[in-house]
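Student: Could you walk me through this structure and show me how each label is earned?
Tutor: Gladly, let us take the labels one at a time.

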Amino acid sequence: MSGQQGVISIESVTKRFGAVTAVDAVSLDLRENEFFALLGPSGCGKTTLLRIVAGFETPDEGRVLLDGKDLTPLRPNRRPINLMFQSYALFPHMSVEKNVSYGLEMEGLSRAEIRKRVGEVLEMAQLEALSKRRPDQLSGGQRQRVALARALVKRPRVLLLDEPLGALDKKLREQMQLELKRLQDEVGITFVVVTHDQEEALVMADRLAVMEDGRVAQLGAPREVYEQPASRFVAGFIGVMNAFEGTLAEEGVSFGGQLLRGALPGGASPGKPALLAVRPERLELLQERPADGRNALPAKIRDIAYHGTDLNLHLTVEGKAEPVLARQPAWAAEGAGWQAGQEVWCCWQPRHSRILLD
Ligand code: ATP
């Protein structure tokens with residue numbers, strides 16, 4: 001759970017590498033105890049921003065505050081912030097226990113204190129039974145937990161994680177996403193995770209920032225960003241979106257002479273080019289045109305792809321080069337008995353339309 005209080009304030013931070021502006025006037029407040037995700041395509045500046053917060057890079061402009069104090073003059077090891085690298089950087093010749101206790105030994109804590117803290121963290125990361133092993137005697141997921149334990153044992157205020165699950169296969173990743181969330185909840189510190197995997201960010205984060213070309217394209221709770229993307233870029237980056245290009249009308253978007261209804265963005269004036277976006281899971285397929293206020297487009301089923309629990313139906317719609325994707329639970333779609341080649345009405349409620357002007 002996240003509190004409302006700010007821990008870290010990133011204030012108008014800019015970082016350039018020669019001609020490349022890696023981070024471009026970014027301002028963000030990270031809250032106490034929240035799980036925050038920085039999300040975006042490769043090269044959008046996520047890692048650079050994380051490294052600035054950790055103190056491994058100095059911003060060209062702007063500053064980073066912790067509890068209201070400027071962190072800029074502090075070296076990385078003087079910040080109550082820990083960065084967990086993608087490679088985990090474990091010491092190969094040391095046992096799990098040694099890997100975890102090493103940082104505390106460097107701090108000169110008493111043996112009793114070290115033993116207590118290491119014991120607690122190994123238990124929390126479910127590593128007690130593995131404490132005498134070396135990293136090469138562990139699985140990828142176990143190594144990941146050791147890296148986490150090593151970062152958490154120092155009790156940082158903020159833990160920064162750069163692609164923490166990047167080295168794991170899909171199944172383990174999904175398991176570790178929940179694990180990471182459980183751990184964060186238990187230790188109650190702010191986690192900032194960098195990922196390019198949108199699903200991972202949606203699953204784990206209390207809030208997320210989508211970055212595009214060094215800037216924050218949208219900031220919000222996962223549901224808000226997914227349901228109400230602020231731009232075409234965000235809509236396309238987070239999940240699959242069907243997009244209908246047309247012109248703005250009084251009550252929606254005019255697409256190929258048909259009105260597709262939806263709430264207009266503030267300040268929009270009819271006649272301008274606009275895009276109406278709708279998620280695949282919001283589409284219903286009907287044999288007859290509905291007589292109520294739903295949007296309805298005549299379509300033809302092009303192909304049907306089985307995905308286990310879901311069916312993906314690709315539809316051809318006149319005036320649209322790309323197929324429209326409708327996702328239905330397998331049980332519902334099987335009951336309807338859809339066939340490739342069949343003509344249908346592709347329908348959705350106007351409240352599920354998202355109209356964008358950019
Ligand atoms: P990825 O997901 O691929 O790791 P990212 O979003 O983390 O990407 P960054 O690593 O922050 O992106 O890089 C942002 C931009 O800054 C890129 O264009 C990158 O090439 C450039 N860049 C990053 N570090 C340096 C550096 N030390 N010297 C020069 N250019 C750099």
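Student: Which domains does the chain have, and how do you know that?
Tutor: The domain assignment gives domain 1 (6–232) and domain 2 (242–356); such bounds come from an automatic or database domain assignment. This is a predicted model, where local features need pLDDT of at least 70 and side-chain atom pairs count only at pLDDT 80 or more, while totals for chains, interfaces and linings use all residues. Residues are numbered from 1 along each chain as its sequence is written, and side-chain values use heavy atoms, with hydrogens and water left out.

Student: What separates the domain centres, and what makes the contact?
Tutor: Taken over C-alpha atoms, the centres of domain 1 and domain 2 are 39 Å apart. Eight residues from domain 1 and seven residues from domain 2 form the contact, a word that means heavy atoms within 4.5 Å.

Student: How much area is buried between domain 1 and domain 2?
Tutor: About 670 Å², with carbon and sulfur atoms giving 42%. Buried area is the accessible area (1.4 Å probe) that two parts lose on being put together, summed over both.

Student: Why is the pair Glu 245 and Arg 232 called a salt bridge?
Tutor: The term asks for a side-chain nitrogen of Lys or Arg within 4 Å of a carboxyl oxygen of Asp or Glu. The closest N and O atoms of Glu 245 and Arg 232 are 3.0 Å apart, so the pair qualifies. Across the interface of domain 1 and domain 2, the rule finds two salt bridges.

Student: How many salt bridges does the rule count, and what does the one between Asp 67 and Arg 157 tie together?
Tutor: The count comes to 25. In the bridge of Asp 67 with Arg 157, the closest N and O atoms are 2.4 Å apart. Asp 67 lies in the loop between strand E4 (61–66) and strand E5 (69–70), and Arg 157 in the loop between helix H4 (140–152) and strand E7 (158–162), so the pair ties together parts that are 90 residues apart in sequence. Helices (H or I, at least four residues) and strands (E, at least two) are DSSP runs, numbered from the N terminus.
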